[in-house]
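Trainee: I'd like a close look at a single part of this protein. Could you pick one helix and walk me through how its sides are used?

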Amino acid sequence: MRISDVLKSKGATVATIAPDTAVADLLAGLVGRNIGAMVVVGPDGPVGIVSERDVVHKLHELGADLLQRPVSDIMTKHLVYCSPTDSVDSLSAVMTHNRVRHIPVLDGGRLAGIVSIGDVVKTRMQELESQQEQLQAYITQG
């Protein structure tokens with residue numbers, strides 16, 4: 001299965017945030033949308049990603065003053081991304097290797113979606129259920 005198939009199922013909407021937005025506003029956006037990460041977008045496109053994990057690590061390090069700082073101070077600048085033609089299996093390996101839970105999907109440099117580890121697990125579960133149904137049908141017909 002390809003990433004484009006996952007996006008067809010879940011949609012291509014991506015929550016984004018500007019690099020100069022305060023961390024307090026980031027938190028309000030994460031909670032309000034019930035999501036775990038936002039792609040940080042500058043004038044020329046994606047420049048990073050910021051997750052709950054980034055906030056927690058920096059909060060521990062810097063304390064409550066963090067809430068007034070810009071997202072650019074805590075975002076992950078090394079953006080790991082995938083394309084719509086990548087396989088879900090290869091994305092799973094990339095997530096594991098890089099220890100990330102959210103990966104933006106770029107199509108020709110344009111932000112086309114985002115895939116979470118939950119999306120990967122859901123897709124894999126659907127594939128396993130389909131295989132099980134096919135094997136069950138094969139056995140009962142044989």
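**A close look at α4**

Mentor: Sure, let's take α4, and start with its outer side: the face turned away from the buried side carries the exposed residues D89, T96 and H97. Keep in mind that this is a predicted model.

Now flip to the inside. The buried residues of α4 are V88, L91 and M95. Looking down the helix axis, you'd find them within an arc of 55 degrees, so they line one face of α4. The general rule behind such a pattern is that an α-helix has 3.6 residues a turn, so residues three or four places apart point the same way.

What do those buried residues pack against? Their partners are α1 (3-10), β4 (102-107), β5 (110-116) and α5 (117-141).

Next, the two ends. Ahead of the helix, S83 sits in the loop between α3 (52-62) and α4 (88-98). The S83 side chain makes a polar contact of 3.0 Å with the side chain of T85. Beyond its neighbours within four places in sequence, S83 also touches I3, V105 and L106. At the other end, α4 is followed by R99, which has a positive phi near 55 degrees.

To put α4 in context, the chain has five helices and five strands, running in the order α-β-α-β-β-α-α-β-β-α. Of its 142 residues, 36% count as buried. Among contacts between residues at least 6 apart in sequence, 56% join residues at least 24 apart.

How values were computed
Residues are numbered from 1 along each chain as its sequence is written. This is a predicted model: local features need pLDDT of at least 70, side-chain atom pairs count only at pLDDT 80 or more; totals for chains, interfaces and linings use all residues. Side-chain values use heavy atoms; hydrogens and water are left out. Helices (H or I, at least four residues) and strands (E, at least two) are DSSP runs, numbered from the N terminus. A polar contact is a pair of N or O atoms within 3.5 Å; within protein, one must be able to donate a hydrogen and the other to accept it, and residues adjacent in sequence count only if both atoms are side-chain atoms. Contact means heavy atoms within 4.5 Å. Buried means under 20% relative accessible area, exposed over 50%, partly exposed in between (1.4 Å probe, protein chains only). The arc is that of the directions from the helix axis to the C-beta atoms.
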